[in-house]
Each structure stands twice: as structure tokens, then as C-alpha cells.
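Trainee: Could you take one spot in this protein and look at it closely with me? I would like to see how that spot fits into the rest of the fold.

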Amino acid sequence: MRVGLISDIHGNRFALDAVVADLERAGVDQIVCLGDVAVGPQPAEALARIRELGCQVVMGNWDAAFLGDMPEPRDKVGQMLVEIGVWWADLLSPADRAFMESFKPTIELELNGHSAVCFHGSPHSYDDWIFATTPDEELRAMLDGFDQPVLIGGHTHLQLIRRFEEQVFINPGSVGLPFREWWPRPVRISPWAEFGLVGGDEGRLSIDLRRTTYDVDAFLAMSLESGMPHAEWWADCWVRDQEGARSG
């Protein structure tokens with residue numbers, strides 16, 4: 001049993017198509033999406049591809065915002081993200097929204113003897129953050145009541161494998177918006193797509209974090225031509241030179 005893990009697509013169909021092609025070549029048995037599908041320049045297109053895959057999808061914080069109220073901005077960057085998010089959300093059809101309403105808070109998997117739970121931020125909240133540096137006592141509270149040996153989440157846009165007591169936490173990173181730097185530093189986005197694979201076989205557990213390339217320039221050109229607010233700022237956040245790509 002091998003499962004492809006994708007998360008935080010953020011309306012980037014270019015990156016999503018590249019990742020799905022890699023997963024198909026890898027011969028995974030199924031794909032699980034950990035949320036935040038539509039919030040990006042290609043919201044309907046990203047949702048359509050996920051719908052075509054027929055995979056299970058976790059509800060992300062931005063998925064919920066698109067279906068309800070946008071988050072309260074706390075700074076200039078937050079204000080821009082909300083303004084862009086409102087514009088993107090207006091591109092969705094009633095069918096798109098109905099599909100998003102089917103996303104689940106958590107998803108449970110069986111990996112040939114290894115039980116797993118999938119979520120966005122934590123099993124209790126899509127707004128929780130789990131980093132390599134999250135103190136054990138905080139992580140223990142986030143995982144309270146969930147004793148599965150394998151924990152799979154997203155939200156941070158950072159790939160991570162972390163051992164916690166008898167459990168292992170896996171974050172496959174972000175398909176469409178992998179962070180290189182974030183607040184309080186200027187926002188910088190890496191020029192690749194991230195994903196993961198997890199498998200179980202005869203008591204063994206395998207974890208593989210991967211990245212792949214896609215046409216970032218074409219994606220950003222489309223974004224600039226889309227009419228979205230703050231498009232120049234959005235495009236300028238991306239690392240596009242080859243030297244920057246090698247240093248990541």
C-alpha cells in the first residue's frame with residue numbers, strides 16, 4: 001500500500017498537474033489531499049482536477065474561509081491576502097462550493113498494519129501549526145485523543161518528518177505555494193512543487209518527501225494577466241532565478 005500525499009495546492013493547476021503525473025508514474029494506490037485546494041489564481045481549475053482524481057480531501061483553513069468568512073487581517077500582507085482571496089472566491093461556481101463542502105475534518109487510513117490520521121493543521125483545528133520547533137507540550141495538546149502511530153498534516157507549507165513519542169508526523173509540504181521565507185521576513189516562494197508518499201508493508205513504514213518542477217514562469221504570467229488584485233506583489237514573491245533554486 002502506497003499513498004500519495006498532496007497539500008496546500010493554492011489554486012496552482014500547473015504545479016498540481018506536475019505532481020499528479022509524478023504520483024501516477026510512482027504507481028501509488030491512492031491519493032489523499034490535505035486541504036487548501038482553491039485559494040490561488042486557478043481556483044476552479046484546481047478543484048476540477050481534484051474532483052477528477054476522486055481522492056479524499058481534508059478541509060483546510062482557506063477552504064473554510066471560501067465557504068464562510070475570510071480571516072481578520074493582522075498586517076499589510078494579511079490584508080492583501082484577504083483582498084486577493086475574496087477575488088478568487090468570487091470565481092467559484094455553486095458546484096465548486098458544493099464540492100468543497102464535502103471536505104472532511106480528518107481522514108483515517110490503514111497502511112498495511114499502520115493506522116494513520118490525516119488533517120490540515122492538527123486533528124483538532126485546521127488553524128494549528130506543527131513545526132519542527134513546536135514544543136512537545138504544545139504538540140501533545142494538539143494531538144490529544146489521537147493515538148494513531150502515523151500523523152499526516154499540512155498547513156505550514158514546509159516539508160517535515162518529526163518523531164513524537166511513539167508517533168511519527170509527516171508534512172508533505174505544499175504543491176502550489178512552498179514557503180522559502182514567511183513572516184516576519186518578506187514572503188518568498190520556492191520554484192517547485194512539493195508532495196510525499198507513505199507506505200506500509202509487512203510491518204515496515206516508508207516515508208518519502210519529494211519535489212518536482214513545473215513551468216513557474218507560465219503560471220506567474222497567467223496570474224499577472226488574470227486581473228487579480230496585488231498581482232505584481234504576488235509574482236514578486238516567487239524565487240525564479242536558477243541560482244535561487246539551487247540554494248533552496
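Where is the place of F119?

Mentor: Happy to, and please keep in mind that this is a predicted model. F119 sits in the loop between β5 and α6, the latter covering residues 136-142. Although it is a loop residue, F119 is buried, because its relative accessibility is 0%. Setting aside neighbours within four places in sequence, its contacts are L34, V58, P105, T106, I130, L151, I152, G153, G154 and F169. For a sense of distance, take V187: it is 68 residues from F119 in sequence, and the two C-alpha atoms are 25 Å apart.

Now to the strands around this loop. β5 belongs to an open sheet of five strands, ordered β4-β5-β6-β8-β7, with mixed pairing. The edges are β4 (107-110) and β7 (159-164); each has a single partner strand, so one side of each has no neighbour in the sheet. From one strand to the next, the twist averages 20 degrees. As background, strands of a sheet pair through backbone hydrogen bonds, in either a parallel or an antiparallel way.

Both kinds of pairing involve β5. With β4, strand β5 (residues 115-118) pairs in the antiparallel sense over four bridges. Within that pairing, I107 stands opposite C118, while L109 has A116 as its bridge partner. β4 and β5 form a hairpin with four residues between them, and N112 in the turn has a positive phi of about 50 degrees. With strand β6 (residues 150-152), β5 runs parallel, and three bridges join the two. A116 turns up again here, with V150 as its bridge partner in β6. You can also link β6 back to the starting point: L151 and I152 are among the residues in contact with F119.

From β4, we can step across to Q56, which is found in strand β3 (residues 56-57). Beyond its neighbours within four places in sequence, Q56 is in contact with Q30, I31, V32, C33, K104, I107 and L109. Two names there are familiar: I107 was the residue opposite C118, and L109 was the bridge partner of A116. The side chains of Q56 and K104 also make a polar contact of 3.3 Å. Q56 is partly exposed, because its relative accessible area is 29%. N112, from the hairpin turn, is 56 residues from Q56 in sequence and 18 Å away in space, C-alpha to C-alpha.

β3 brings in another open sheet of five strands, with the order β3-β2-β1-β11-β12 and mixed pairing. Here β3 and β12 (204-212) are the edge strands, each with a single partner, so one side of each is left without a neighbour in the sheet. Further in, strand β1 (residues 2-6) and strand β2 (residues 30-33) are parallel and share four bridges. In that pairing, L5 is opposite V32, and V32 is one of the contacts of Q56.

A helix covers part of this sheet: α1 lies across β1, β2, β11 (193-201) and β12, at about 25 degrees to β11. R13 is in this helix, which spans residues 13-26. With a relative accessible area of 19%, R13 counts as buried because the cut-off is under 20%. The side chain of R13 makes a polar contact of 2.8 Å with the side chain of D17. Apart from neighbours within four places in sequence, R13 is in contact with Q42, E45, R49 and E52.

Finally, here is the whole chain. Its secondary structure comes to nine helices and twelve strands. For 248 residues, a compact globule would have a radius of gyration near 18 Å, so the 17 Å of this chain agrees with that. The C-alpha atoms fill a box of roughly 50 × 40 × 40 Å along the principal axes. Buried residues make up 52% of the 248, F119 being one of the buried residues. Of the contacts between residues at least 6 apart in sequence, 66% join residues at least 24 apart. As for the surface, about 11300 Å² is accessible, and carbon and sulfur atoms account for 49% of that.

Terms used:
Residues numbered from 1 in each chain as written. Predicted model: local features only at pLDDT ≥ 70, side-chain atom pairs only at ≥ 80, totals over all residues. Heavy atoms only, no water. Buried < 20%, exposed > 50% of the residue type's maximum accessible area, 1.4 Å probe, protein only. Polar contact = N/O pair within 3.5 Å; in protein donor to acceptor, adjacent residues only side chain to side chain. Contact = heavy atoms within 4.5 Å. Pairing = 2+ DSSP bridges. Axes fitted to C-alpha atoms, helices over the stretch in contact; angles between N-to-C directions. Rg over C-alpha atoms; globule rule 2.2 N^0.38 Å. Areas by Shrake-Rupley, 256 points an atom, 1.4 Å probe, with all protein chains shown as cover.
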